[in-house]
Structure formats: C-alpha cells, structure tokens
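Here is a friendly tour of one structure, with helix packing and a ligand site as its topics. Please have a look at the sequence and the model before reading on.

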Amino acid sequence: KTRAAIITCGGLCPGLNDVIRSITMVLWYRYGVRNILGLRYGYEGLNPDFHHNPIQLNPDVVEDIHQKGGTILGSSRGPQDVGVMVDYLQEMQIDILFTVGGDGTQRGALDLVEEISRRGAKIAVIGIPKTIDNDISCTERTFGFQTAVALSQPSIDSAHMEAKAVRNGVGLVKLMGRDSGFVAAYASLASSDVNLLLVPEVSFSLPKVMHFLEERLKQKSHAVIVVAEGSGKELLPPDGQDASGNEILGDIGVFLKHAIQAHFRQNGRPVSVKYIDPSYTIRSARANADDSVFCFRLAENAVHAAMAGKTGMVVGLWNGHFVDIPSIEAVRQRKKIDPSSSLWTSILDNTGQPDLI
Ligand code: F6P
C-alpha cells in the first residue's frame, strides 16, 4: 500500500493548489493510491516539533482548490534538520514525497535523498519546480510564470494611463523575479506601453536612466518604466535611506521613484511619478488556464516518475517534452536573461530604449 506525501515550500506562486490537486487525482484515480498526506508549512511539516498536523488528501478535499490562489497546505522557507525529517518520513511510512518548490527546496530535497540512501531506506523524492521567477535551469518554464506575466498587464496599463493623464507623468511598475528579470521582460514585451525596462542582468547607471527620461519626456511628455525587483542593487544605499532621508528599505522601485522626482525637481521640470507594486497581488492569485494545464501535466509526470521508482528527480519541460531531470542538474545554476540573446534585442526593439550598459 503506497503512502505518498506532498509539501509546498517558499513564496506563493499561482498554480500551487493545481499541483496539489493534480498529484492527488492522478495518484488516486490512475494508481489507486489511497494514503495521500498533505504536510503543512513546507519542510516544517516534516519536523514533529512544530506539531503541524498533516491533511489527509482525497478527490473530495482537493476538488475545487485550484479555484483559489495560495496553497491549502501552507508554506515556509528554508530546510529543517535532515535527520529529523527522514525519521519522520520513516515513522509515517511514507514511500513517496513530492516537493513543490524553487531551487532552495529542490536543494533540500537532494539532502533528503542522500540521507534516505545512506540509511538504505526506500523513499522516492520527486520535485516539481515552482516559481514565478522562471529562474530554474533545465526547464524551459516554471509554473506560475505565465500567470505572473499576464497579471502584470493591468499594472502596466494603469501606469500608462496615469502617466498619460498628466504632463510629464512617469508610471513606474516594480515586478518580482528575485535575481532574474524574466517576469519584467516578458511583461514588457506583452505590453506595448513600456519605454524603459530595468533588469538585474543588465547594469545601468542613474545618469543614463535620467538622460533617457529627459529625452522621452521632451518628446512624448509621459513615460512608463518597468523595473525588476533585483535590479540596480549596487545603487541602493546600505542604510535603507536615500540621500533625502526617505525610507526605501532596499526597494529599487521606491528608490527610483525618489531619485526621478529629485532629479527633475533639481532640473526645474518637476514630474509626477506614480509607483505601482503589484508583487503580492500577482503571486497569490490563482493560475490562469494555461498554467493550470501545465501544472496538471507536471504533476502527472511527477507521479509517473515516482511510481516508476525514480528518485532525486525534478520534472520539467524541455524542447516541448516533459522530462525528468536529476535534481542536482536542476539546482546547479539559476537561469538568467542573457543580455546578448535575442530576447534582450527584442526588448530594446520593442521598448525603443537604448542599451544602458
Ligand atoms: O521566488 C519567488 C519570489 O516571489 C521572488 O520573486 C521574490 O524575490 C521573493 O519570492 C520574495 O519573497 P518573500 O517576500 O516571501 O520573502
């Protein structure tokens, strides 16, 4: 009698509930598995000290959970003691653990695999890569990414409307992505209103940004900027305050807002900057239809991999095919935008922005 368990780890991401639902459905209907545990709050759920009682999952419990964002299991960041976690898995007689999370989670899963094999135990660990950031290598796409790109459009539309409604209006939108700019880049390509995109992979200087804005405002009297959250880290003041004492607390969006206002005030040509940060609204939303399908197919493949006796693997998409990738490969390095790629050329062409390097 197979006993399976699922954990969701790290920041929220559209599609988490789809994955929980799909794993449960495939285990239940395709393989007849009746013992499916939803462990609570990420790796904490594998540490009995937290007293997080697992949820017994079945088709009735998961029936409509994909209609909501978030995760019914809860989440947490960071690993727990690997010995304690494997003790728990053995005590609960779990045969398969599905780890739904980003690269930190899959690294944690690798530690579990190592400890399980050291003990000579037979517990399969299969990862499903999750992040809106799309920064996991060895898969063309992570679930949640496409929903995040789609849900960023209303913010960019609003930034454009606000900027256009006044003379010298600047709409500034910050989008998540940790150290990669994929969400910001695709969101900018999807919109025709972005004039300047700042991503972590392409360094920029404030004078160049200001020069671009001056020219743009002279010509069009409004501008839209999208900034990825990990951009311009070297520009942020270490004490969390800008030169005028504004609290910016490491937020590149807030920093840019104040920097642009200060620059144009000094120039005697004040601008109105409207700053929009939709980060948590986006990542806590439910998945769009395309991501829901993707989640189902990832989950289905994860279950097949586990039932075929595989372990230490994550599922991914490569050249249009669903594949199992050794977790060690999946976490080797994070994917980033290559500034010499055609993606970046498309951005420069689409936004009309000069290369700011
Ligand atoms: O990795 C997902 C993500 O949403 C990143 O885009 C972001 O940098 C990070 O998590 C923020 O997480 P939190 O606010 O939960 O610390």
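Helix α3 (residues 82-91) packs against helix α4 (residues 103-118) at an angle of about 65°, their axes 10 Å apart. That angle makes α3 roughly perpendicular to α4, a word used for 65 to 115 degrees. The crossing of α3 past α4 is right-handed. On the α3 side, Val82, Gly83, Met85 and Val86 meet Asp111, Leu112, Glu115 and Ile116 of α4, contact being C-beta atoms, placed from the backbone, within 7 Å.

This is a predicted model, in which local features need pLDDT of at least 70, side-chain atom pairs count only at pLDDT 80 or more, and totals for chains, interfaces and linings use all residues. Residues are numbered from 1 along each chain as its sequence is written.

The axes of helix α1 (residues 16-31) and helix α11 (residues 289-307) come within 8 Å and cross at roughly 45°. These two helices are therefore oblique to each other, and α1 also passes α11 in a right-handed crossing. Contact residues include Val19, Ile23 and Leu27 of α1 and Phe296, Ala299 and Val303 of α11.

The ligand is surrounded by Gly11, Gly102, Thr131, Ile132, Asp133, Met176, Gly177, Arg178, Glu229 and Arg283, with C-beta atoms, placed from the backbone, within 6 Å of it.

Here is how the three groups divide by class, Gly being counted as polar.

| Group | Nonpolar | Polar | Charged |
|---|---|---|---|
| α3 with α4 | five residues | one residue | two residues |
| α1 with α11 | twelve residues | two residues | two residues |
| Ligand shell | two residues | four residues | four residues |

Note on methods. Axes are lines fitted to C-alpha atoms, for helices over the stretch in contact, and angles run from 0 to 180 degrees between N-to-C directions. Helices (H or I, at least four residues) and strands (E, at least two) are DSSP runs, numbered from the N terminus. Angles under 35 degrees count as roughly parallel, over 145 as roughly antiparallel, 65 to 115 as roughly perpendicular and the rest as oblique. A crossing is left-handed if the near helix is turned anticlockwise from the far one by less than a right angle, and right-handed if clockwise. Two residues are in contact if their C-beta atoms, placed from the backbone, lie within 7 Å.
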